[in-house]
Amino acid sequence: MGHIKREELDKAEVVIPVESDMKKIGSLMQPIIDMIINNKVENIRLSKTRDELLPQLMNGSLSVDEVKV
């Protein structure tokens with residue numbers, strides 16, 4: 001990042017929360033992080049299923065005519 005000058009970095013301050021606040025933040029964020037991970041895993045699984053089924057649908061070896069919605 002050549003556009004950032006060293007003197008500007010030296011002036012920057014970083015606030016680090018105390019441990020109790022970090023634990024509160026962690027307990028609030030963990031369910032969201034778990035949901036993101038689960039969604040990514042499910043997305044991979046659904047993509048694999050699509051990749052297996054789509055060619056069968058396209059070549060006619062699999063039909064959705066009898067599927068009830």
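How many residues apart are Arg45 and Glu42 in helix α2, and by how much of a helical turn are they separated? In this predicted model, Arg45 and Glu42 are three residues apart in helix α2, and therefore about one helical turn separates them. Their side chains meet in a salt bridge, with an N to O distance of 3.7 Å. Both partners retain solvent access: Arg45 is partly exposed, with a relative accessible area of 47%, and Glu42 likewise counts as partly exposed, at 37% relative accessibility.

The overall architecture provides the setting for this pair. Two helices and zero strands make up the secondary structure of the chain. Helix α1 covers residues 6-11, and helix α2 covers residues 19-59. The radius of gyration is 25 Å, whereas a compact globule of 69 residues would have a value near 11 Å. Along the principal axes, the C-alpha atoms occupy a box of roughly 65 × 35 × 15 Å. The separation of two individual residues can be set beside these dimensions: the C-alpha atoms of Lys5 and Gln56 lie 57 Å apart, with these positions 51 residues apart along the chain. Lys5 belongs to the segment before α1 and is exposed, with a relative accessible area of 52%.

Solvent exposure was examined next. Of the 69 residues, 0% count as buried. The accessible surface of the chain amounts to about 7000 Å², and carbon and sulfur atoms contribute 61% of this area. A nonpolar patch of about 820 Å² is present on the surface. Its members are Met22, Ile25, Leu28, Met29, Ile32, Ile33, Ile36, Ile37 and Val41. One of these residues, Ile36, is found in helix α2. With a relative accessibility of 43%, Ile36 counts as partly exposed, because the value falls between the 20% limit for buried residues and the 50% limit for exposed residues.

The charged residues were considered both as a whole and in pairs. The chain carries 10 positive and 12 negative charges, and the mean positions of the two sets are 1 Å apart. Five salt bridges are present in the structure, among them the pair formed by Arg45 and Glu42. Another of the bridges connects Glu19 with Lys23, and the closest N and O atoms of this pair are 3.5 Å apart. Glu19 and Lys23 are four residues apart in helix α2, so the two are separated by about one helical turn. Both Glu19 and Lys23 are exposed.

Helix α1 also contains a salt bridge, formed between Lys11 and Glu8. The closest N and O atoms of Lys11 and Glu8 are 3.6 Å apart. These two residues are three positions apart in helix α1, which means that about one helical turn lies between them. The partners fall into separate accessibility classes: Lys11 counts as exposed, at 58% relative accessibility, whereas Glu8 counts as partly exposed, at 41%.

Key. Residues are numbered from 1 along each chain as its sequence is written. This is a predicted model: local features need pLDDT of at least 70, side-chain atom pairs count only at pLDDT 80 or more; totals for chains, interfaces and linings use all residues. Side-chain values use heavy atoms; hydrogens and water are left out. The radius of gyration is taken over C-alpha atoms; the globule rule is 2.2 Å times the number of residues to the power 0.38. Buried means under 20% relative accessible area, exposed over 50%, partly exposed in between (1.4 Å probe, protein chains only). Accessible areas come from the Shrake-Rupley method with a 1.4 Å probe; for residues, only the protein chains shown count as cover. Lys and Arg count as positive and Asp and Glu as negative; His and the chain ends are not counted. The place of a charge is taken as NZ of Lys, CZ of Arg, CG of Asp or CD of Glu. Patches are made of residues with over 30% relative accessible area and no salt bridge: like charges are joined within 9 Å, nonpolar side chains (Val, Leu, Ile, Met, Phe, Trp, Tyr) within 5 Å. A salt bridge is a side-chain nitrogen of Lys or Arg within 4 Å of a carboxyl oxygen of Asp or Glu.
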